[in-house]
Structure formats: C-alpha cells, structure tokens
Amino acid sequence: MNHILKHPFKDWGFDKDTRPLIIAGPCSAESEEQVMNTARQLKEQGITVFRSGIWKPRTRPNSFEGVGSVGLDWLQLVKKELGMQVATEVANVKHVYEALRKGVDIIWIGARTSANPFAMQEIADALRGVEIPVFIKNPVNPDTDLWIGAIERIQGAGIKHVGAIHRGFSSFNKTRFRNIPMWQIPIELRQRMPEIPMICDPSHIGGRRDLIQEISQKAYDLNFDGLIIETHCNPDKALSDAKQQVTPEKLNEILSKLVIRHRDIKDVDIQDTSLNELRQQIDNFDKELLDILEERMRISEQIGLYKKENNITILQPDRWTAILDKAQELGETRNLSTDFIVALFKAIHQESINKQTQIMNQ
Ligand code: PEP
Ligand code: MN
C-alpha cells in the first residue's frame, strides 16, 4: 500500500484512512442469509464498506426488482453485528426517506437516475439538511455535463461529501464491455471537478467477472480513488448480474494483484533527470506540431481563396476521402492506430473547413 498518496475521503467519516476506498457487496440483497454471509466474508477480507441494492432498476419488467424495504433491515444487521458501513442505491424520494430512516450510511444514485434531471432535483431536495455521503454514477449516456449537473444538484442541497462513480456507458454497438468505459469522460469530469473523489465500478463496465482485474488496474492507473465491486457469496446463483459478481475470496485475490502507482510525480524521489529530459523532448515536439499545423492552415486558407474566386464548394468529398485513406496508410507504417489517425485528421479537416468558410463569407 502506498502511504504517500493523499486520502481523498479524509473527512468523510469512513473507518479506514487508506486510499483507495473499496466498496463491495452483492448487486442485490436477496435474503438475510445471503446478505450476512457475504458481509461476514468481506469483513474477513478487510472490507469495511458494504454495498447492496434494495430497489433494483431493471431494464425490462419481470426481472428481479429487488426485495424492497425489508432488505434495509438486513443492512441494519450488517451494521450492528459486523460494524461495517452500508451503502445502497436510491432512485426516488421514498427510497431516500426509507434509507435514511433505517440508518444507511452512504447512498448512491444509479445511472438511469442521474440521467434524469427531474429525479435528481427531487432527490436533492429530499436530502437537504442531511449529512450523508452521496455517490453519483455517470448517466447511461456519455454526457459529462449531465453527470456534472447531477453532482451540482446534490451539492446544491448542501451535501458536503459528494463522489462520482464511473460505471461505463451503454451503447448500441456490441463491444467486449457491457458498458463502454469511454475513459475520456471520467477524465474530463476530473479536470472540471478536481475536488470530487471518483471511484470505478468495474463490475458494471465489464459485465463479466474476468474483466474486473484489468478494468480496476486501468482505473488505478488513471488515478481513481477507489472501486465498487459486486461481490456475492454464491455469484452463479445471484438473482441479478450473476455473470459479473465474484466471491469475497476472489475479490481479495483481485485487490491483492492490483498495482497502486504514485499518484503524483512529485511523490517520487526522482534520482536522475531522465524523466525531465523526456518531457523536454515532448514539449519540443508539441511545439513543432503546432508550427506545422499553423503552416498547414495557411495553405488551406490559400486554397479557400482559390475556391472562392473560382466558385468551387469548400467540401470536396473525393479529395477528403483520398487524404484520409493516405493518412491511415502512412499511419499504419508508423505504428499509429487507425482510430487515432481518423480522429486526428477529422479534427484537422474540420478546422480547415472552418477557415475556408470564414474566407468564403468575407
Ligand atoms: C448497481 O450498482 O447495481 C446498478 C444498478 O448500477 P447502475 O446504476 O450502474 O446500472
Ligand atoms: Mn448490478
């Protein structure tokens, strides 16, 4: 464990003063026995924060929709008998009141709810004046502003301890993930709200237990502050999300294999200057890239002038296709991925079009 790292949950009232924070427990509470059995094993593995869904938002009706309020009594038992802190999902005002009444320590707001500003505002209003940590999952669609809006509504209700959970984004395209991680979205959230601790939910991103290790490591390498991992005493028999749940023992194995790196280069006592030298080189190349782009846009403007004088449209599809094909071909020989080359050249092309449009309109 790396003790140099700052602990982002310092004032949150959590038992453990370590980073990363680990929250574990079943997707859903199913029975008192399943809850207690899972929690007891997790406690043996050193886990102090227990999660469990009580009300389950399911994509289609007639799936298991959670046990409802009775599950809160089981969470109370986890608190009382095992001294763990307990977390559950709330999706409406009734859930908030019941969870608070039954002494739930931490609440989270699910991906379907955070996508809905009306629901978020109602939940925020119900939380006014309450002191409880609230985690907000990203909305199902990859919209950083919508996620930030949900966080702001909860902050606006005076909640001090607000965190974010990255659980991936649903997509029509089938990928190897259940919910595509699109890491650039949580990275953007971190840039725009650096004060918000962020944990990762590799269970719902992967949808498969064999992906949890790799997604968790990626999250750590991107500076996440913790993980929430679905854990069940008998995963294959789980009533929801069976494929992605792991046993407490497996969880322990996953956690012990994770490498926690230094969060900040300043934390490492750099003995030699090799990193600084490499960074200097990067800075030089970045400047060269910008100089070249400036030159390229100047030529593009000359072409714009030519098009205007000769009454030719700005967009020449055949020419654009040829440029993109050539770039991909050259990119391949330089070990640059097609995705990268396409994104880069689309951005350059768009900027060219913008410049030529300005000239046309002059
Ligand atoms: C869950 O955590 O069990 C859950 C329903 O997650 P999400 O809101 O991310 O789908
Ligand atoms: Mn689940």
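Helix 5 passes helix 6 in a right-handed crossing, and this pair of helices is a convenient place to enter the structure, which is a predicted model. The contact between them draws on Pro117, Met120, Gln121, Ile123, Ala124 and Leu127 from helix 5, and on Leu146, Ala150, Arg153 and Ile154 from helix 6. Sorted by class, the residues in this contact comprise eight nonpolar, one polar and one charged. Two packed helices are described by the angle between their axes and the distance between the axes. Here the axes of helix 5 (residues 117–127) and helix 6 (residues 144–156) come within 8 Å and cross at roughly 20 degrees; because angles under 35 degrees count as roughly parallel, helix 5 and helix 6 are described as roughly parallel to each other.

Helix 6 also carries Trp147, which is buried, with a relative accessible area of 0%. Leaving out residues up to four places away in sequence, Trp147 touches Ile136, Lys137, Asn138, Pro139, Ala164, Ile165, His166, Ile185, Pro186, Leu189 and Met198. One of these partners, Ile136, is 11 residues from Trp147 along the chain, and the C-alpha atoms of the two are separated by 8.0 Å.

From here the view can widen to the protein as a whole. Its secondary structure comes to 13 helices and eight strands, and its C-alpha trace spans about 80 × 55 × 40 Å along the principal axes. Of the 362 residues, 44% count as buried. Among contacts between residues at least 6 apart in sequence, 72% join residues that are at least 24 apart.

The metal site offers a specific case of residues brought together from separate parts of the sequence. The manganese ion (ligand 2) is coordinated by Cys27 through SG, His204 through NE2, Glu230 through OE and Asp241 through OD, at 2.1 to 2.4 Å. Within this set, Cys27 and His204 link distant parts of the chain: Cys27 is in the loop between strand 1 (21–25) and helix 1 (32–44), whereas His204 is in helix 8 (residues 202–206), 177 residues apart. Both Cys27 and His204 are buried. Written as a sequence pattern, the spacing of the donor residues is C-x176-H-x25-E-x10-D.

The donor Asp241 deserves a separate look for its backbone, since Asp241 has a positive phi of about 50 degrees although it is not a glycine. Its place is in the loop between strand 8 (226–230) and helix 10 (248–257), and Asp241 is buried, with a relative accessible area of 15%. A second non-glycine residue with a positive phi is Asn335, for which the angle is about 65 degrees. Asn335 lies in the loop between helix 12 (317–333) and helix 13 (338–361), and there the residue is exposed, with a relative accessible area of 71%.

Returning to the loop between strand 1 and helix 1, the reader finds Ser28 there. Ser28 is buried, with a relative accessible area of 0%. With its neighbours within four places in sequence left aside, Ser28 is in contact with Gln34, Ser52, Gly53, Lys56, Phe64 and Ser240.

Note on methods
Residues numbered from 1 in each chain as written. Chains lettered and ligands numbered in written order. Predicted model: local features only at pLDDT ≥ 70, side-chain atom pairs only at ≥ 80, totals over all residues. Heavy atoms only, no water. Donors = N, O, S within 2.8 Å, 3.2 Å for Na, K, Ca; no water. Helix = DSSP H or I, 4+ residues; strand = E, 2+ residues; numbered from the N terminus. Buried < 20%, exposed > 50% of the residue type's maximum accessible area, 1.4 Å probe, protein only. Axes fitted to C-alpha atoms, helices over the stretch in contact; angles between N-to-C directions. Parallel < 35°, antiparallel > 145°, perpendicular 65-115°, else oblique. Left-handed = near helix turned anticlockwise from the far one by under 90°. Contact = heavy atoms within 4.5 Å. Nonpolar A, V, L, I, M, F, W, Y, C, P; charged D, E, K, R; others polar.
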